[in-house]
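Good morning. Please have the sequence and the 3D view open while I talk.

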Number of protein chains: 2
Amino acid sequence: MLRISKLTDYGTVILVHLTGQARLCPASDVAADTGIALPTVQKLLKTLSKSGLIESARGAEGGYRLRKAPRDISAADILDALEGPLAITECSGDDSSCEHEPNCSAGGAWQQINTAIRKALLDVSLAEMHNPSKEFPLVYTVLGKTGAQRQSEVSGPMPETSKDNP
Amino acid sequence: MLRISKLTDYGTVILVHLTGQARLCPASDVAADTGIALPTVQKLLKTLSKSGLIESARGAEGGYRLRKAPRDISAADILDALEGPLAITECSGDDSSCEHEPNCSAGGAWQQINTAIRKALLDVSLAEMHNPSKEFPLVYTVLGKTGAQRQSEVSGPMPETSKDNP
DNA sequence: TGTATATTGGACTAAAATAGTCCTATATTA
DNA sequence: TAATATAGGACTATTTTAGTCCAATATACA
């Protein structure tokens, strides 16, 4: 199924949220603000930190923040971080290890598609995801909502948070 | 994980194989020729038949064949048939049922990506998959192989066939 | 220095999805 | 009528994904 994972979706929500923050954000705050369960938030933040998209600080006053400007982070970066290199089939990764590649009859076609997908992902930045109404009139009405309400309604049912979330 | 399923991959192999056949092909022949297990072949052929990409004939002398010319069948058609409508997130399907869509902050961006992916898929036809060397010089060397050998090496390890397949 | 806070690392479990298997009913031809 | 092949569908096994939890480590502050 050609679909990004739910965790990737959550990760995107988290990154979009961090876009609006200047200071270090503890996982507990991110969870409360996004409505995603704290353990899930922690898990994703760890992965994102490891991948270099965000930076972290341990201890009191610690937390996470974006390492680069939102417009310098593409959807491709996000997917690479959370799902690994894009490869819609075994045959279409950049570093394809498909042992049948030299003789593949369909692999070249999937490779072309893979390349197009990657380009599409590179063309969309976190900044655009954060401010979609600039680029995508179909969600223009989102401007009438408050920030917190927007995030809590982003991507289908959210996992239970560790805090009350009305 | 942004990846087509293994069954879709097999399904593609099967369609590519049917491209080279003029007559009705029984599932048993398709299985023998592609090296895919008969039950799996039967399962996929049923689905493909149901979706309208191929037509079937029951009974003695029965089998399956393409319903349209290979160049009129796109990768998008194949995916639609085997995986359902393309929707990389809940928010990006053509008939999105995401209840949060009116307030989605990232959905517009995913929608753009979804559209680009769909276009890439529409741009590649079964005919091109069948004759990749025309379009993709990187697999030019495939011409030195026999047809049967090519197919058996297409997409990673094949499931065991119900027949001997050296 | 001790404590509170927050990340890091990693293991484990539950749920969901995917792939594979098998059986019966139905249709068609010889 | 028998042989052949699809159609329908259920079930099982395996893999993947999402969720849960615990202990170790790092940092700031009193």
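I will go through chain A, then the core, then the two DNA strands, and end with a few single residues. One caution before that: this is a predicted model.

Let me begin with chain A as a whole. Its secondary structure amounts to 8 helices and 2 strands. Read from the N terminus, the order is α-α-α-β-β-α-α-α-α-α. Of the 166 residues in chain A, 44% are buried. Now take the contacts in chain A between residues at least 6 apart in sequence: 61% of them join residues at least 24 apart.

Next, helix 1 of chain A. This helix has 14 residues, and from first C-alpha to last it reaches 20 Å. That is close to the 20 Å expected at 1.5 Å a residue. How many of its residues are buried? The count is 12 of 14, and helix 1 of chain A is mostly covered. Among the buried ones are Tyr10(A), Val13(A), Ile14(A), Leu15(A) and Leu18(A). The buried list also includes Asp9(A) and His17(A).

Keep Ile14(A) in mind for the core. The largest nonpolar core has 76 residues. Which residues have the most contacts inside it? They are Ile14(A) and Ile113(A), along with Ile14(B), Leu45(B) and Ile113(B). From chain B, this core takes at least three residues from domain 1, which is 1-73 + 145-166, and at least three from domain 2, which is 74-124.

Ile113(A) is worth a look on its own. Leaving out residues up to four places away in sequence, Ile113(A) touches Ile88(A) in chain A. On the chain B side, Ile113(A) touches Ala75(B), Ala120(B), Leu121(B) and Val124(B).

Now the DNA, starting with strand C. There are 27 residues around DNA strand C, and the closest are Met1(A) and Ser56(A) from chain A with Ser5(B), Lys6(B) and Gly59(B) from chain B. Several elements supply at least two residues each to the surface near this strand: helix 2, helix 3 and strand 2 of chain A, and helix 1 and helix 3 of chain B. The largest share is 4 residues, and helix 3 of chain A provides it. Sorted by class, the surface near DNA strand C holds 10 nonpolar, 10 polar and 7 charged residues.

On to DNA strand D. Here 27 residues lie around the strand, and those that come nearest are Ser5(A), Lys6(A), Gly59(A), Met1(B) and Ser56(B). The elements giving two or more residues to this surface are helix 1 and helix 3 of chain A, plus helix 2, helix 3 and strand 2 of chain B. Which element gives the most to the surface near DNA strand D? Helix 3 of chain B does, with 4 residues. By class, the surface near DNA strand D has 10 nonpolar, 9 polar and 8 charged residues.

Helix 3 of chain B also contains Thr40(B). Thr40(B) counts as buried because 22 other C-beta atoms lie within 10 Å, and the cut-off for buried is 20 or more. In sequence, Thr40(B) and Ala27(B) are 13 residues apart; in space, C-alpha to C-alpha, they are 9.6 Å apart.

Back to chain A, and to helix 2, residues 27-34. Its buried residues are Ala27(A), Val30(A), Ala31(A), Asp33(A) and Thr34(A). Why is Thr34(A) called buried? It is because Thr34(A) has 24 other C-beta atoms within 10 Å. Thr34(A) and Arg58(A) are 24 residues apart along the chain, and their C-alpha atoms are separated by 21 Å. After helix 2 of chain A comes Gly35(A), with a positive phi near 80 degrees.

That brings me to positive phi in a residue other than glycine. Glu61(A) has a phi near 65 degrees, and Glu61(A) sits in the loop between strand 1 and strand 2 of chain A. Is Glu61(A) buried or exposed? Glu61(A) is exposed, because Glu61(A) has 9 C-beta neighbours inside 10 Å, and exposed means 12 or fewer.

In chain B, Glu61(B) has a positive phi near 65 degrees. Glu61(B) lies in the loop between strand 1 and strand 2 of chain B. Glu61(B) is exposed, with 9 other C-beta atoms within 10 Å.

That is what I have for today.

Note on methods
Residues numbered from 1 in each chain as written. Chains lettered and ligands numbered in written order. Predicted model: local features only at pLDDT ≥ 70, side-chain atom pairs only at ≥ 80, totals over all residues. Near = placed C-beta within 6 Å. Nonpolar A, V, L, I, M, F, W, Y, C, P; charged D, E, K, R; others polar. Contact = placed C-beta atoms within 7 Å. Core = buried A, V, L, I, M, F, W, Y, C linked by C-beta atoms within 7 Å. Domains from an automatic or database assignment. Expected span 1.5 Å × (residues − 1).
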